[in-house]
Structure formats: structure tokens, C-alpha cells
Amino acid sequence: MTTLITKTAAKIVAPLIFVTSMVLFVQGHNTIGGGFVAAVLIVSAISLLYIAYGTENLTRLLNIYPSELNRKMLVSGLMLILLTGSIPVLFNMPFLTQAYWVLPTISFLGELKISTAIFFDLGVLLTVTGSLLSILSGVSR
Amino acid sequence: MELNFISLAIIVFLPFLAAAITFLIYPLLKEKTAYFSALIALTCASLILTLFGTTGSTSVPLLSSLDVHLRFYVDGLSLLVGLLASGMGVLTFIYSLGYMKNQRHSPTYYAALLVFMGSMLGIIFSADLIFIFIFWELTSLSSYFLIGYFNNENSSKSAAKKALIITSIGGLLMLLGFLLIHSITGTFDLSLLLSEPTSVQSSLRAHGLFLPTLVVIILAGASKSAQIPFHIWLPSAMVAPTPVSAFLHSAAMVKAGVYLLGRFHPILSGDEWSLILLTIGIITMTLTALFAVISTSIKELLAYSTASHIGLMLMGFGIPITLTGVSPSLGFVSGSFHLLTHALFKAALFLIAGVLACQLGIKTFSDAKGLWVKIPLIAIFAVFASLCMAGIPLTSGFYSKELLFQGVYTLANNYGGIWWILPLLSIMASSLAVVYSLRFIMMFFGSQPSHKKDVQPLPPSMVFPISILILLSLIVAISPSIAIDFISHSSSSYPPGHLPIHIGIPDHVTPPLLMSLSSLVLGVALYTKHKQISKATTSVLSSKHLSIDSIYSSIILSLENYGLALISKTEKTSMRTHIIWLIGTLGMLPAITLLYLHQNISISSSLPHQPAFLIVLLIIILGTISVARSNSHIMGVLFLSIVGFMIAVFYLLSNAPDVALTQLAVETLILVIFLVIIGKLPAYYGEASPIRVRLDTILSIFIGTVVFFAVIISTSSFAPKDIVAFFSNRASYPIGSTENIIFDYGGGTNIVNVILVDFRALDTLGEISVVALAALSILTLLHSRNQGGVK
Amino acid sequence: MSQLFLALTIGSLFSLGTFLLLRRDLLKSILGVIIFGQAANVYLITMGGFSGTVPVLYGGENLVSTTDPLVQALVLTAIVISLGTTSFILVLLLRVYDEHGTLDIDRLWGQS
């Protein structure tokens, strides 16, 4: 599969998928998207590169697959959720209670809201990405 | 006086804590761990002493929403048994130091003994029936470890298993009884039950559950206390180290059953209670006394005699409270009193047997003669304790037996007729007790020492506990009224008797005294003939194959065989068979429900009708059929992918864009993983046989039909969805709120995402943990690939 | 109509899933398991009723006529979990082949 056409196509498409997944992640709370989809899309993009370039080449060229990194992502995602989820417990609220702030209105930005759920979603993103990447790299070895 | 909850909690839970610590400090202390354990037991015993004279209950909620409380109840009976258990614990630990000198030391031994003591104290002081059950099973479990302590030998293993099986069956029966009580009264609180014993009994009777409850609780007590037909575990358990036998099989474990019956005496006593307990008691007392007479090993004699004496206690509890001419609490007091005296002399005798086995290597009667010369002090102790066991006048055993004789005599006198068999059999049993006590005594006398081996000086740690026990027996013998006063506290739930229980040196001839004297004379007469008796009884017993031991082993054997047969029928068949049974059953259950439901199947119009739907669904069906018909791996996987993508389109059409997007992405990734894996697998195998295909088709069509009707019925009407309104109201912002930080609302417009990250975030956390675990397991599986698995 | 068609689809998915599960080839059994999962998801979404609008609130106003968002959240969770478990069984399959050299269930269970 490592033909020139697939390589070129992958080079163009993979960054687009990355950007799309980031957009989906950020807008997830308000319209379609979210941590899962973003994570699965990131992994799809990487698997595309994988198919196009083959394992060894990709590792050498981009240095993208140190398996340590995958596992660190997995663990840090879970830790992030556990830590941010435990903060409400200190204030005598249930585990994983989420809140949001309504920031003062600034004219050119409009009303801004910051939700703590973004940390949770980030944790989901990290964990799922880390897990799926470890699966993929493990299977394809 | 207010009960101190803290000290009760310490009494019960300190031994458990200490058991855990034992493993830590054993490397430092080695065999001195015995002193540590003895210290723990001493702490418990002294805390129990501080509770002396108190009565009542105390509780602390553990999980109040589930009505789980840690409750304690204290009265005279629990103080008596608790003091026995902890005090015997102290002596046992000290004795273990000397006894274990020649044996394999291990922290497990001390830890198991401590756990046993803790659970025993837990049974005694808990006032919650569930806690009593848990502690009860814990005693069975720890005794399993203690009996199997020499677990290299097969006999140890099977004896430990026997004790565990029999006593835990008893425990389950007890749980059944507790649940019956709970189903009527609605409470597990023992102190509540004991505060109104008569109304508990009458409501049990009103529902017709009194007799079942009574029977299972008595059976539970009888199994723990080694009563016929459950007595077989006790002689087998004698393979345990002797200190364990002294503790478990004279003072603590077997007394748990007696304690249970004593505890439930106020609630359950009545005509049925008396009839069952008197029957079990008298049969056990007589028969096991006979077994003791014919037994060849020293510890076996003591074991059978323990069962016999416990039969006497149960008879005591069985004496009706309505007898005229004696105090109503006579039976209860005689049972409890005998519990105390028996524990003191029997533990001493066990410890003496331990000295013989450990220092002289003597385990059977044939080895033992003229030991007087070698161990004079122990011989004096042995003679005294045996006299107590025989119930010779003016010893401690005499007084408790007198009370029982008084009870059965009055009973027979009141009712007459067949009831006279009770005093007669009692005389018979106690004359047999005289016989086996004489056998024990005669070991120390006789012509010449059979052993040439010089006796090492006895370690003081072994002599000290024996002398303490003998001293206590002596105190009870001299002044029995101290003990009686103490026990009478516990019978406060009875109407105060007009006739006080008289105990003391008999000053005139009474029927009970006559019974004692006649059994003594008969016993001595029988002793001269005991060799003939042994021969006759042994031949009778061995000629019949109806011994309970063989029934037990045949039951266990057939259960084992049945289990093996079941395994070879189910476990070793192919995965196909498993799946057929599983799926077939899963399909049958809804099929039966559908057949009996008689629901009118109606087509609802609530689902929207779209032509696009039909096309998508058609492709899904056709795709799946192609998956099933494909004859190569790669085609199957590709068709499966088509089905997956079409399902994503279906989600999109059913207004679930988030799900559709995720499905699309996931399908892509799964396809990649499939393709990577398929390259490493062999080619497709093809079908086995056309018959099999046809059979499978029938099952599949059956399942499909069941699901079809299930879907039709479940989608024909939809419940009003309040939950939809809740989520769509709460997902976004509160209208017109001026607060800056808001908790109750999600603050997002994508309801599905808000549910995932906010309302049901814990579900999501669980889900990503599954994914993470799957990843880690995959890495482990792949890592183990090149490490030489079993081919 | 669409109710009948949905019931037919879900029914045939379960039916063919059962059929696949009983194949001699272990990989086909796994395809059966995956189809079971898909069928259950479709069933769940169907139980949501999907008569309302997309569960996204535009402009911040509160609409109560959306489709059941809870089943969608459940199915979303189920899809991601099935991704994890599917890859796990696949690797397990790989290991079975490593160890036993065959994926024929008749030979794996020692029958001819």
C-alpha cells in the first residue's frame, strides 16, 4: 500500500483530519462532536499515515510512535478525570460534579462561558487516544 | 449503667487486628509471638471483666440507609461465655509456647487462633443476627485452618474439611432461621427480639413458622456442638494440635452452639423446644459416653466425652420452665453452670493429654501405664480433673450434674409415664462417664512405667495454664454459689422464682443425690468389666454399616462423583454446545413470555415513515446475509463494514448525528484493525456439514422470530418521556439567572454531550476505563506472545 | 411500516448473528458477536422513538420536542466500548492461533 499516491494523499488528508478532530472536540459541548469522536478521528488519521508509510518508516520519519507516549496519554487522561472529578468532593459535592462560569460580557467576544466539563472531555480524549494508539501499535507490530 | 460501645468494639475487633499484626511481628518475636497473642487475649478478658454486672445493648449505625448497624448485647450469659473464650485464649497461647517447641512454628497458627477468638467473641457479643452469622462462619473457617494445621497429612485435611462442611451447613441453617425470624418481625436486632420474647414467639406461631425456625436453629446449634448425628466431626478434629483442641473443642467452638441455644431460649422455649432438645441431649449424652468408653486414643475419649457433656447442657436448656416444685430458670441455670464447669475441667484434661503426647509421646491408652512416677504433679491434676468429669460428689462437675438430675427427676415426677426414661438414661450416661474418667485416671497408676525414656522437666508455660484451670475448678467446687449467682443474672428474663436454686454440700438425702450415688456405684462396677463392654460394643458397631461416619463419607463421595460427571458432560464439550444452550435458553425465556402474554400486537404510528429508511434497512439486511454467506475472511469483514456504515446512516436518519459520527469513525478504525489481524490468520475453513448448517439455521430463525415480536411489542407504545424534558431543560442555561457559577445546569447546547460529560459522567469514566483496560490487556497478550506459551 | 421494517431488521440481525456465532471458523463467530452488538445498538436507538428533533438546542431556547438524548448517550458509550472489546477479542484470536495453530473450533475442542 505504500505507493506514491497513497503517500501523497495521506500527507494532505491526515492534517485535515487532525484539524477536524480538534474542531469537533472544542465545539463538542454545543454542537455535534465531543471527546470520543475527536479521539477516534485522531487515531484514524494516524492509522492512515501508518497504512501509507508502514510502521518502520513512520517511526523513523516522524518519531510519532514511541509507545511510552501512548501509555502516558492513557494514564494522564484517567488521572485528569479523577483529579478534576475529586475537586467537588472537597466542597462536599458528589464526585464528578461539573460547573460553569459565565464571564462578564466583553463587547467583541460576546458572552463567554467556561465549563469544567472541558477537562473531563479532555480526559476522555486523552484516554481514548492513548488506548487506541496502543492497540493499533501493538496489533500492527 | 451505660454500656461502653468502644470497649465492646475493642473486645471483638482487637483480635482481628492483632491477627494481621502477627504476620508483621513474627520475624522479630519468633516463638515469643505466643506472649503477644496472650497479651491480646488478656486485654479482651480484662475488658470483659470491666463489663461485669452490666446488661443491655448499644449500637452504632454503619450503613443506616441499608439498616446495617453494629450492635452489641451484653448479659450474664454472654459475659460468662465471653470470659471463658478470652480467658481460655490466654491460657492456650501460653501453653502453645511450650507445646509448639518441638513442632513447626508459624505465624499462621497464632493468627488463626486470634481470628478464631475474635469471631467467637463476635458471636457472643453481637446483637445483630447477620453479624452473628458472619462471625459464626468465621469460627468455622478459622477452625478449618487450625485443624488442618498439620496439613501434610491426609487425615488432617479430611478432618478439617469434615468439620468445615458440617459446621457451615449448620451455619446456613442458622441463617435460614434468622431470615425466617426477620420475615415475621422485620428486624435483625437481637436485643429488640429479646426484649419481647413472648410476642416474637406468638407472631411466629401465628404465621406457622415457629416449628421450622425452631428446628433449623436447634440443628445449627447441634451441628456446632457436635450433637448426634453431627458428632462425627469432633473426634476427627482431634488431629489438631492439642492446645487448639483444648480451646476449640472444650471451651469455645463447641460452646458456640450451646451459647446460640441459650441465647434463643427465651424466644423459642416451649413444648416443642423441650421435646427436641431433651431427645437430642439424652441420645447424645448416652451414646457418645459409650463411644468414649470404647475409644482407644486419649484425645478421642476426651472428644466423645465433650459431646456427651454438651448433650447434658442441651438437656438442661430443654427442661421446661413450667415445672412445679423448682425454680423456672432451673434448666437454664443448670445448662449454663455446666458449661462453665465443663470448660474448666475438660480444658485441663486436654492440656494434660497434650503433655502426655508432647513430652512422653503417649497418645493411646495401650501405651500408658504407671505415669505417676514420671509426672507426679500432672498426675494429681489429672486425677482431680477426671473426678470432676465423673461428677464425684463435692467436685465442680457434681454440682452442675446435680442440678440437671433435679430437673429431669422433677420432670419425670410431674409428667410420669414414659418420661421416667430420662432420669434412667441420665444415670446410665453418668455411670458411663464414671467409667471413662476411671480409664483416664488409671493411666497414671499400674505396675510399671512402660517408657524407658527419661522425661525432660516440663516447661512452666505448660504447667501454669493447667494449674490455673485446676485452681478455678477447685474454687467452683468449694463455693459453687459464686458461679450460680453470676449465672442467675443472665436468667433475668424469667419470672423470679419463688424457689431459689439451692446448691451446696447436700445435707440430706434427695432423689438427685441418690441418682448421683447410684451412677457412681454402677460406674465403678462397669469399670471392672469395661474390657468386655468395649469388645461387645465394638463388634456390634463394626458389624453394622450404619455408622454415621460412613454415611457422611458416602454422601461426600457421591457428591464428588456427581460433580466430576457434571463437569465432563458440560465443561469439556465444544464451544458450539455452550453457545447453543446459552442462546437457546435466552431465546426460550422471552418466547414463553410472549406465548403467555396474549398481548394484542398493534402497529404503532409513532415512528415516522421515511422511504430512505427502508432502503437503508434493506441494505443492512442484505449486507448481513452476505456476511453470513461469505466464504473468505476478507469478504466477511468487508461486508460487515458495509453493514456498519449503513447503520451509521441509519443513526443519522433517526436524528442521532453524534452517534452517527462516532459510528463512522469507529467503523473505519475497526476495519483497519481487522485488516491488520486477518493477514496473520489462516484461510477460511469452510463449513463442517450440511446437517449442522440446517440445525443452526433453525435455531437462528427461532431467535430472529422471538426478537422480531419483542421489537414489535416494545415499540408499539412509548411511555411519556419526562426524562427527555428534564435533560433538555437542564442541559443548557437557566433563563434569566444572574449567578456566575452554576452547578445544576449543563451549560451546553448539545444534550448528548452534556449527558456524557456532566449528568452521567461516571458512566463515561467507566466506559473509558474499559477501553483503557482493553488496551492494557491487549499489550499484555501481545507481550506474552514470544514467551513460550504452552503448546 | 417503518416499525415493521425495523423489527424485521433487528430480528434478522440477531438471527444472522446467532448463525454466525455457531460457525466452525472462530473468526466468523467473532463477526457474529459484533453483529449482536450492532443489533442491540439499533434496538436501543429505536426504543428512543426518534420522532423528535436532533437533540441540539440552537440559540439557547429550551425545546422539549427533541429525540430521547439518553439512549443516544448510551449507544455512544456502547459503540466506544465495543471498539475496545472487539480489538481485544481479535488479539485473543491471534493468540489462540499462536498457541493452537488452528481456528477450527472442532479441532480446538478435540473433536474430529
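The paragraphs below lead through a predicted model, taking up confidence, a sheet shared by two chains, the contacts between chains and two helix pairs.

Confidence is a sensible place to begin, and for chain A the mean pLDDT is 81, with 82% of the residues scoring at least 70. Within that chain the elements range from helix 1 of chain A (residues 4-27), which has the highest mean pLDDT at 89, to helix 3 of chain A (residues 55-62), which has the lowest at 64. Where pLDDT is low, the predicted coordinates should not be read in detail.

Chain A and chain B share an open sheet of three strands, whose order is 2(A)-1(A)-3(B) and whose pairing is antiparallel. Its edges are strand 2 of chain A (113-115) and strand 3 of chain B, each of which pairs on one side only. Strands of a sheet pair through backbone hydrogen bonds, either parallel or antiparallel. Within chain A, strand 1 and strand 2 run antiparallel and are joined by three bridges, and Tyr100(A) has Ser115(A) in strand 2 of chain A as its bridge partner. Across the chain boundary, strand 1 of chain A (residues 100-102) pairs with strand 3 of chain B over two bridges, again in the antiparallel sense, and here the bridge partner of Trp101(A) is Ile741(B).

The sheet leads on to the contact between these two chains, to which chain B contributes 38 residues and chain A contributes 39 residues. On the chain B side, at least two residues each come from helix 27 (657-678), strand 3 (741-742), helix 30 (751-759) and helix 31 (761-783) of chain B, and helix 31 of chain B gives the most, with 13 residues. Sorted by class, this side of chain B comprises 26 nonpolar, ten polar and two charged residues.

Chain B also touches chain C, in a contact that takes 96 residues from chain B and 81 residues from chain C. On the chain C side, helix 1 (2-21), helix 2 (26-47), helix 3 (69-100) and helix 4 (105-108) of chain C each supply at least two residues, with the largest share, 24 residues, coming from helix 3 of chain C. The classes on this side of chain C are 48 nonpolar, 24 polar and nine charged residues.

Inside chain B, two helix pairs can be followed in detail. Helix 1 of chain B (residues 5-29) and helix 4 of chain B (residues 107-125) pack with their axes 8 Å apart at an angle of about 170°; since angles over 145 degrees count as roughly antiparallel, these two helices are therefore roughly antiparallel to each other. Their contact involves, among others, Phe13(B), Phe16(B) and Phe23(B) of helix 1 of chain B and Leu114(B), Gly118(B) and Phe125(B) of helix 4 of chain B, and by class it has 18 nonpolar, three polar and no charged residues.

In the second pair, the axes of helix 14 of chain B (residues 298-318) and helix 18 of chain B (residues 421-442) come within 11 Å and cross at roughly 155°, which makes helix 14 of chain B roughly antiparallel to helix 18 of chain B. The crossing of these two helices is left-handed. Helix 14 of chain B brings Leu301(B), Ser305(B) and Ser308(B) to the contact, while helix 18 of chain B brings Ala429(B), Ala433(B), Tyr436(B), Arg439(B) and Phe440(B). These contact residues divide into five nonpolar, two polar and one charged.

Notes: Residues numbered from 1 in each chain as written. Chains lettered and ligands numbered in written order. Predicted model: local features only at pLDDT ≥ 70, side-chain atom pairs only at ≥ 80, totals over all residues. Contact = placed C-beta atoms within 7 Å. Helix = DSSP H or I, 4+ residues; strand = E, 2+ residues; numbered from the N terminus. Nonpolar A, V, L, I, M, F, W, Y, C, P; charged D, E, K, R; others polar. Pairing = 2+ DSSP bridges. pLDDT = per-residue confidence, 0-100. Axes fitted to C-alpha atoms, helices over the stretch in contact; angles between N-to-C directions. Parallel < 35°, antiparallel > 145°, perpendicular 65-115°, else oblique. Left-handed = near helix turned anticlockwise from the far one by under 90°.
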